Amino acid sequence: MRRLARIALVAVAGLAAGTGLLFGLDAADRAYPPPLERAGTVSSEVVDARGRLLRAFATTDGVWRLKTGAADVDPKFVAMLIAYEDQRFHAHHGVDPVALLRAAGQFLTHGRIVSGASTLSMQVARLIEPRDSRSLGAKIRQMARALQIERRLTKAEILDLYLTLAPYGGNLEGVRAASLAYFGKEPARLSMAEAALLVALPQLPERRRPDRHPTAALEARGRVLARVAVADVIGEGEAGRAALEPVPQRRLPLPALAAHLAQAARLKQPTERLITTTLDRDIQRGLETVAAGGARALGPKLSIAMVMAEVATGRIVAEVGSAGAFDHGRGGFIDMTRVLRSPGSTLKPFIYGLAFEEGLVAQETIIEDRPADFFGYRPRNFDMSYQGDVSIRNALQQSLNVPAVRLLDAVGPARLMVRFRRAGVTPKLPPGEPPGLAIGLGGAGVRLVDLVQLYAGLANRGRPVLLGDGVREQPAAASGAPLLEPAAAWQVSDILSAVKPPSGSLGHGIAYKTGTSYGYRDAWSIGFDGDHVLGVWVGRPDNGAVPGLTGYGSAAPLLFEGFAKAGVGIARLPAAPAGAVRLRRDELPVSLRRFTRTDSGLISAVVRESSPQIVYPPEGARIELGADAGGPAMPLALKLQGGRAPFRWLANGRPLEGLSRRRTGQWIPDGGGYSTLTVIDAIGRAATVRVFIE
């Protein structure tokens, strides 16, 4: 009888409270407003460029509470929730007098509680202001709060609060967190069985947790299915089939993709609830899968870092800081994409690019691969053997060290560093040392993101591309000066695209280069197609040596697997720009058939003539030839002094027809913009100017 009286009192008090507040207790309402601020305390989320969750962070009190709205949830879940919890949700004002009277009547008839009278608004009131007891006073206060909430919020907003705050066991709150933890997916597309389980759990979340009490969870889900079937929300056949599905037996971790970048983004924006990155979740997941599998195959203590960016924009679309961010044995907490390491041979393509640009070599030019001494610096090939005479093309594809140093000695290490700075990258040199020939073989420190940025410029026809930080949508603009001229960049890309992929890898159309640092500490592979550039680093974060670790054997297979698992497809490399050709050796001028510089950098033949010098056009001149008027451009007069005839002229790396013994000539440009003119005399000496054609 005492419990009967209590039920009756609750019903009467609820009706009285509803009537009182609805008819004007505004002063009390304003004096004691509901504590809605708790509803605003939710987990921070880092999402990809399309708004898909990459990683969430628990609230300060250790709760996974992801903001959720009805638009984020499967509509059948919402229909089942209202049918099971509060059928008159859209009709009452927070307290349902019909439900109160029905509950009291059922208690009188059956002598026990058959159904409760708590509305979704009352449940929200309890969630934002947890009660210490189940007393009559606490229940009346909950009803009053529900009425206050209804005065301030729409029904849609109240429903969203419930979806965000409902308890699901442990430190899970909200439908979205529960769906990710129990089903491993967003709640936008739930099965009937999944939706019914999520409706049932908040009533007794700890007693019905499917990972701890699967039988209780199964029974509670069955009651929900039976009731919503009676309410014609779903058919009895659907309910029966859903009841046969098992409940999940374990709780899954919430997504933790791009762990390092997500953490850095949150530190930059600590007060933001939603942090949008430039990443693509599908590409990110693919690369993390490749890195994790590669680390398992390579062994303990080794880590893997990967960065993929768009060639045209510099937007980072995926970034793996380590093979396992939470694997302390591999130093997973260190973001290896931004740690200075020796790049090995990965900078060689830019040496060759400068040599192409200056007209010193062509792809089929012969260069010596023999022991050499550059004022005490004696580079050796990786395998300690030498090839003798090789073509420039083969020297780069085989990553031979001596030919690369010969070319770097010719173009100058300082000039190479200037080109890197144009691309926004400054390799770290030993303290107090000027740029030297060792740069070409890894004698400087760079980061993985630096290498990806350099290769993005190479893939972008030599135009520098600055990478973003993964958070900003638009990276900073690059300077106007080129990393390489388009023709030179194409020559290098053409060579790298023909490098043989590792055994078992499919990657036709990917241009790539590998590198191994001194002492087998770092293995690199950087590759690109027409749309994306991907960089891979393999090594130990503590800089320990790993015998047998090589760029080709360890990093290159991950590069090709990364392109395959990223799902981006292989885009065709850019076509050759105007003026860029690949000539056979017998088509080359005599001066380009062999690179003839000695180890000291002097011309091998003894000559009396001075070196050739282009006197017109002068370096840096802007010349108006009508190239931008739509019609054919006027010819440009060419004049030189010195040198030994005959002479070969090149425009943007492409030889002009025929040799000439005259020191004058002309050239008709293909269009406006920057152009590079080179003249080579009979014994291989060259002069170059860069002009702007209008």
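Start by selecting Arg622 and Phe692: the charged end of Arg622 sits over the ring of Phe692, 4.2 Å from its centre. A charge counts as over a ring if NZ of Lys or CZ of Arg is within 6 Å of the ring centre and within 35 degrees of the ring normal. Before moving on, note that this is a predicted model, where local features need pLDDT of at least 70, side-chain atom pairs count only at pLDDT 80 or more, and totals for chains, interfaces and linings use all residues. Residues are numbered from 1 along each chain as its sequence is written, and side-chain values use heavy atoms, with hydrogens and water left out.

Keep Arg622 selected and add Glu694. These two form a salt bridge, with the closest N and O atoms 2.9 Å apart (a side-chain nitrogen of Lys or Arg within 4 Å of a carboxyl oxygen of Asp or Glu). The pair links distant parts of the chain: Arg622 is in strand β14 (residues 622-623) and Glu694 in the segment after β20 (686-693), 72 residues apart. Helices (H or I, at least four residues) and strands (E, at least two) are DSSP runs, numbered from the N terminus. Arg622 is exposed at 53% relative accessible area, while Glu694 is partly exposed at 25%. The cut-offs are under 20% for buried and over 50% for exposed, with partly exposed in between (1.4 Å probe, protein chains only).

The structure holds 39 salt bridges, so to speak a long list; here are a few more stops.

- Arg685 and Asp681: their closest N and O atoms are 2.9 Å apart in a salt bridge, and both residues are buried.
- Glu368, Arg370, Asp389, Arg406 and Arg594: salt bridges with shared partners join these into one network.
- Lys565 and Glu561: this salt bridge is 3.1 Å, N to O, and both residues lie in helix α20, 4 residues apart, about one turn of the helix. Lys565 is partly exposed at 44%, as is Glu561 at 32%.

Now for the rings. A search of the whole structure finds 6 aromatic pairs; rings of Phe, Tyr and Trp (its six-membered ring) pair if their centres lie within 6.5 Å, and planes under 30 degrees apart count as stacked, over 60 as edge-to-face and the rest as tilted. Select Tyr455 and Phe528, a tilted pair at 6.5 Å centre to centre with 50 degrees between the planes. Tyr455 lies in helix α18 (residues 448-459) and Phe528 in strand β11 (residues 522-528), so the pair ties together parts 73 residues apart in sequence. Tyr455 is buried at 0% relative accessible area, and Phe528 is buried at 1%. Add Phe350 and Phe420 to see the one aromatic cluster that they form with Tyr455 and Phe528.

Next, pick Tyr512 and Phe560, an edge-to-face pair at 4.9 Å centre to centre and 85 degrees between the planes. Tyr512 is in strand β10 (residues 511-516) and Phe560 in helix α20 (residues 551-566), 48 residues apart.

Last stop: Asp86, in the loop between α3 (75-85) and α4 (97-110). What is the nearest side chain of opposite charge to Asp86? Lys155, 6.1 Å away; Asp86 is buried yet has no salt bridge. Lys and Arg count as positive and Asp and Glu as negative, with His and the chain ends not counted. The side chain of Asp86 does reach the backbone nitrogen of Leu120 at 2.9 Å. Finally, select Lys155 with Phe89: Lys155 lies over the face of Phe89, at 4.7 Å from the ring centre.

Technical notes
Polar contact = N/O pair within 3.5 Å; in protein donor to acceptor, adjacent residues only side chain to side chain.
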